[in-house]
Amino acid sequence: MALGVLESNKQISIHCYDNWRATKVETQKAHEKSNGALNIEAGQDTLPIVKRYLEPFSAVPIHFHKGNIINARWPEQQQIGLYIDDAAKKAHTFRHMLHTFGPHWVPGETILVLMDYWYFQKKDDASFRFQHDWITQRPEHFSYVEERIEGGSTAILKYTQVYDFGKPKNWIRRLLG
Ligand SMILES: C[S@@+](CC[C@H](N)C(=O)[O-])C[C@H]1O[C@@H](n2cnc3c(N)ncnc32)[C@H](O)[C@@H]1O
């Protein structure tokens, strides 16, 4: 994304939301995928590492929002052109994403990359179906750009028609600041 923004020569901001707290599985993944070059400990704050990797893109305004995504807020009036989600697997978090970011999506323009869209097929747990079912129940608002990437969990969609996402659950608290 940062490379794309850099090459576009446009003032586009990127907002990233994550806990940046390494789990045991992630420490193993990091070790394996880097061929032993990246060794992190379970519980370690990984945001400084992410920032280091992104140093070549210092010209791109990248904003880091560290914490539970259930508290995520969209801080700008700006519209969202590209929404990538690799965390909101279940109803509770995905609903929050929809209420928080959905009103800033642009009909006919915004692309959604939902990396857990087909995840439920790998798990024997119906609660992982929420994301997929919510989208497919609204075919007039979303259409596939790529239904499934390389047999994995990712789907790419376009937001096609205005949808009333309603207010986030904690909207009164938000209003009061
Ligand atoms: C599958 S990983 C993302 C990997 C990333 N897309 C990549 O390709 O390198 C999922 C990420 O979501 C974060 N995450 C999951 N649930 C979260 C939550 N409730 N709040 C904040 N971050 C969360 C985890 O910390 C983890 O970094």
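In this predicted model, the domain assignment splits the protein chain into domain 1, residues 18-68, and domain 2, residues 80-177. Taken over C-alpha atoms, the centres of domain 1 and domain 2 are 24 Å apart.

The ligand is a good place to see how the two domains relate. Its shell consists of Asp18, Asn19, Asn68, Ile69, Ile70, Asp86, Ala87 and Thr93. Sorted by class, these are three nonpolar, three polar and two charged residues. Because domain 1 (18-68) and domain 2 (80-177) both give residues to this shell, the ligand lies between them.

**Overall fold**

The protein chain contains six helices and six strands. In sequence order they follow the pattern α-β-α-α-β-β-α-β-α-β-β-α. The radius of gyration of the protein chain is 17 Å, close to the 16 Å that the globule rule gives for 177 residues, so the chain is as compact as a globular protein of that length. Along the principal axes, the C-alpha atoms fill a box of roughly 45 × 40 × 35 Å.

How much of the protein chain counts as buried? The share is 16% of the 177 residues. Sequence-distant pairs are well represented too: among contacts with a separation of 6 or more, 61% come from residues 24 or more positions apart.

**The core and helix 4**

In soluble globular proteins, nonpolar side chains tend to be buried together. Here the largest nonpolar core has 13 residues, and those touching the most other members are Met97, Leu112, Leu114, Phe142, Ala155, Leu157 and Tyr159. Two or more residues of this core come from each of helix 4 (91-101), strand 4 (111-114) and strand 6 (155-159).

Which residues does Tyr159 contact, leaving aside its neighbours within four places in sequence? They are Trp105, Pro107, Thr110, Leu112, His141 and Phe142. Two of these partners, Leu112 and Phe142, appear in the list of core residues that touch the most other members.

Helix 4 deserves a closer look. Its buried residues are Phe94, Arg95, His96, Met97, Thr100 and Phe101. The cover over them includes strand 3 (82-85) and helix 5 (130-136). Helix 2 (residues 24-33) makes a nice contrast: of its ten residues, the number buried is zero, so helix 2 lies largely in the open.

**Strand 1 and the loop after it**

Strand 1 covers residues 14-18 and holds His15. His15 is partly exposed, because 17 other C-beta atoms lie within 10 Å, and a residue needs 20 or more to be buried. Leaving aside neighbours within four places in sequence, the contacts of His15 are His63 and His65. The C-alpha atoms of His15 and Phe64 are separated by 6.1 Å, although the two residues are 49 apart along the chain.

Further on, Ala22 sits in the loop between strand 1 and helix 2. It is partly exposed, with 18 other C-beta atoms within 10 Å. Not counting residues up to four places away in sequence, Ala22 touches Thr27, Ile40, Glu41, Ala42, Gly43, Gln44 and Thr46. Ala22 and Leu47, 25 residues apart in sequence, have a C-alpha to C-alpha distance of 9.7 Å.

**Positive phi values**

Most residues other than glycine have a negative phi, and most peptide bonds are trans. If you are checking backbone angles, three residues with a positive phi are listed here.

| Residue | Phi | Place |
|---|---|---|
| Asn9 | about 60 degrees | loop between helix 1 (2-8) and strand 1 |
| Trp20 | about 45 degrees | loop between strand 1 and helix 2 |
| Asn35 | about 55 degrees | just after helix 2 |

Are Asn9 and Trp20 exposed or partly exposed? Asn9 counts as exposed, with 8 C-beta neighbours inside 10 Å. Trp20 is partly exposed, with 18 other C-beta atoms within 10 Å.

Conventions
Residues are numbered from 1 along each chain as its sequence is written. This is a predicted model: local features need pLDDT of at least 70, side-chain atom pairs count only at pLDDT 80 or more; totals for chains, interfaces and linings use all residues. Domain bounds come from an automatic or database domain assignment. A residue is near a molecule or strand if its C-beta atom, placed from the backbone, lies within 6 Å of it. Ala, Val, Leu, Ile, Met, Phe, Trp, Tyr, Cys and Pro count as nonpolar, Asp, Glu, Lys and Arg as charged, and the others, Gly among them, as polar. A nonpolar core is a set of buried Ala, Val, Leu, Ile, Met, Phe, Trp, Tyr and Cys residues joined through C-beta atoms within 7 Å. A residue is buried if 20 or more other C-beta atoms lie within 10 Å of its own, exposed if 12 or fewer, and partly exposed in between; C-beta atoms are placed from the backbone. Helices (H or I, at least four residues) and strands (E, at least two) are DSSP runs, numbered from the N terminus. Two residues are in contact if their C-beta atoms, placed from the backbone, lie within 7 Å. The radius of gyration is taken over C-alpha atoms; the globule rule is 2.2 Å times the number of residues to the power 0.38.
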